[in-house]
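Me: I would like a close look at one part of this model, its pockets. Please give the cut-offs behind each term as you go.

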Amino acid sequence: GLCIPKLSRSGFSRPLADSVCVAAGRSDVAMLQPSGGDAREVLVDAAAAPGAGAGRRDGQSQALQVQAVPWSPIDTGCGAGEMAELAAFEAAKASHNLGRSRAIDGVLVLANTLLGGSGMLGIPHAFASAGWLLGTLLLMMFGLLSAFGSHLLQCSARKIGHAPCSFYTAAEAVAPNWTWLIDGAVAIKCFGVATSYLLIVGDLAPPALQHFGWEGIRRWQVVTMGFAVGGTLACLKNLSALRYTATGSIFIVLWTVVLLVLFFFRPGELFEPCGQDPIPCEGANFAPVGGASAVTLIKAFPVFIFGFTCQQNVFSVCNEVRNTTRRRMDLVIVTAYSLAFICFAGAAFFGYATYGDKVDSNVLKHYPQNNVVHATRIHPARLSLLALVDFVRGFRCCGASGPRLENNSADSVAFVQGEAWSARRSGAAFVAATLALLGFSFLISLIVTDLGKILGVVGATGSTTVSYILPGLVYSQAHPESSLERKFALCQLALGCVIMPVCLTLVFIG
């Protein structure tokens with residue numbers, strides 16, 4: 001059988017002398033998953049799994065039923081050295097009743113995180129600075145860099161072996177002196193996301209509501225209502241009413257892209273972006289390479305980075321998806337990012353092609369006042385409010401396992417509180433931190449009306465930290481041995497340390 005080193009409760013930093021063997025009866029068995037069907041079952045001591053303290057009762061170890069699955073490097077994408085890591089991580093997940101969801105569930109959750117945000121509405125404005133050809137290349141480059149950061153995190157989750165894993169538990173295991181960076185990065189990211197969502201509600205909802213008969217509604221009133229509803233829901237411990245939004249939000253995003261395509265091709269009077277005038281409307285410039293200065297172009301980088309930020313949910317997907325081999329998780333990441341890239345590129349190209357370099361920082365604000373556009377505006381505003389709740393709860397649970405894929409469905413997304421954060425914060429502190437975050441976001445959203453500025457600041461700080469700095473830091477600490485991938489991880493870390501101060505300085509100078 002396979003002998004797995006017994007790790008400490010931190011899951012990584014203090015290995016113990018003894019070990020446990022998986023008595024599978026075969027030497028080629030490494031992958032472990034919850035039992036089912038007629039497959040042969042073996043017993044694993046729950047105490048051998050990192051983070052399995054919850055599986056012990058009165059000093060007695062709890063036996064877990066797992067299924068023996070034949071392993072080969074071709075099947076898993078892992079070498080022999082990673083075989084034990086994978087087995088230990090799956091056993092740790094099984095001890096917490098995790099690892100039961102399908103790979104497609106993970107794809108939908110990551111895609112919903114990427115597409116459900118406000119980044120897609122701001123990328124067309126970034127294209128106005130770069131041009132459609134250079135903008136597409138930048139979009140592809142930042143998408144690949146972000147996907148590589150997600151790859152580094154899923155590799156680190158297996159290496160550390162703690163379940164449920166999160167940004168905080170990973171940093172606590174491999175870089176305990178840097179846990180403050182986790183809290184700060186997630187707080188900044190969630191503050192910016194909450195602010196951008198309130199801006200979207202304030203930009204899109206009032207004209208749509210006025211068009212459908214709610215006369216006299218003003219922007220500050222809609223933002224205040226959004227803050228009241230979002231703040232109340234974000235303080236609840238259970239979001240069962242908001243479970244079924246992941247797939248629905250993806251379809252709404254796809255419809256938004258289709259709407260921009262229809263306004264570009266102008267199939268009828270309902271889809272005329274600027275009357276009978278040719279496009280780009282108002283004689284705007286539409287070019288493969290924009291005429292903006294280098295400073296203006298660099299200021300647009302954080303918008304691309306913001307749009308491709310979903311690393312806060314990579315650990316959650318690793319927790320919930322079964323058989324998290326390197327190849328399987330890479331396929332989940334590549335699929336989600338490919339879907340996001342197609343939607344981002346479509347919205348950016350056709351939005352920029354329709355309004356040229358005069359496109360608004362929130363692309364939907366530029367389109368005509370008709371039933372189709374206003375109905376479309378209401379849906380992103382509603383989804384922004386729901387996403388605001390999820391992200392704020394993510395701030396409160398930044399030391400936890402993150403979103404939980406319950407009932408083996410990607411639609412069932414609910415945040416669960418983790419032992420790391422709850423051990424450090426009282427219930428009153430939960431509410432205080434949530435209200436402070438939302439209150440500050442509320443004040444900023446009343447003052448600032450330019451979505452591009454918020455995306456620029458948050459993209460340069462929180463998004464850069466979450467997408468570049470933290471993945472490089474966690475991976476390099478979890479994999480101290482020299483390798484080409486570790487060198488790339490250090491490059492990712494260094495790139496983030498350069499992008500943050502440069503872009504942030506340019507944003508404020510502008």
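Reply: What follows describes the two pockets and what lines them.

The model is predicted, so local features need pLDDT of at least 70 and side-chain atom pairs count only at pLDDT 80 or more, while totals for chains, interfaces and linings use all residues. Residues are numbered from 1 along each chain as its sequence is written, and side-chain values use heavy atoms, with hydrogens and water left out.

The pocket search runs on a 1 Å grid over the protein atoms alone; a pocket is an open set of points with protein on both sides within 12 Å along at least five of seven lines, whereas a cavity is a set of points where a 1.4 Å probe fits but cannot get out. A lining residue has an atom within 4 Å of a point. Grid points are joined across faces, edges and corners, and a volume is the space filled by probe spheres set on the points.

By that definition, the largest pocket has a volume of about 550 Å³. Its lining holds 21 residues, of which Gly452, Lys453, Ile454, Gly456 and Val507 are the closest to the centre. Helices here are DSSP runs (H or I, at least four residues; strands are E, at least two), numbered from the N terminus. At least two lining residues of the largest pocket come from each of helix H4 (119-130), helix H10 (294-299), helix H16 (427-447), helix H17 (451-478) and helix H18 (484-509). H17 supplies the largest share of this lining, 6 residues.

For the classes, Ala, Val, Leu, Ile, Met, Phe, Trp, Tyr, Cys and Pro count as nonpolar, Asp, Glu, Lys and Arg as charged, and the others, Gly among them, as polar. On that count the lining of the largest pocket has 12 nonpolar, 6 polar and 3 charged residues.

The second largest pocket contains about 280 Å³ of space. Its lining has 14 residues, and those closest to its centre are Gly143, Leu144, Ala147, Val334 and Tyr337. Two or more residues of this lining come from helix H5 (132-160) and from helix H13 (326-355). H5 gives the most to the lining of the second largest pocket, 7 residues. The classes there are 10 nonpolar, 3 polar and 1 charged.
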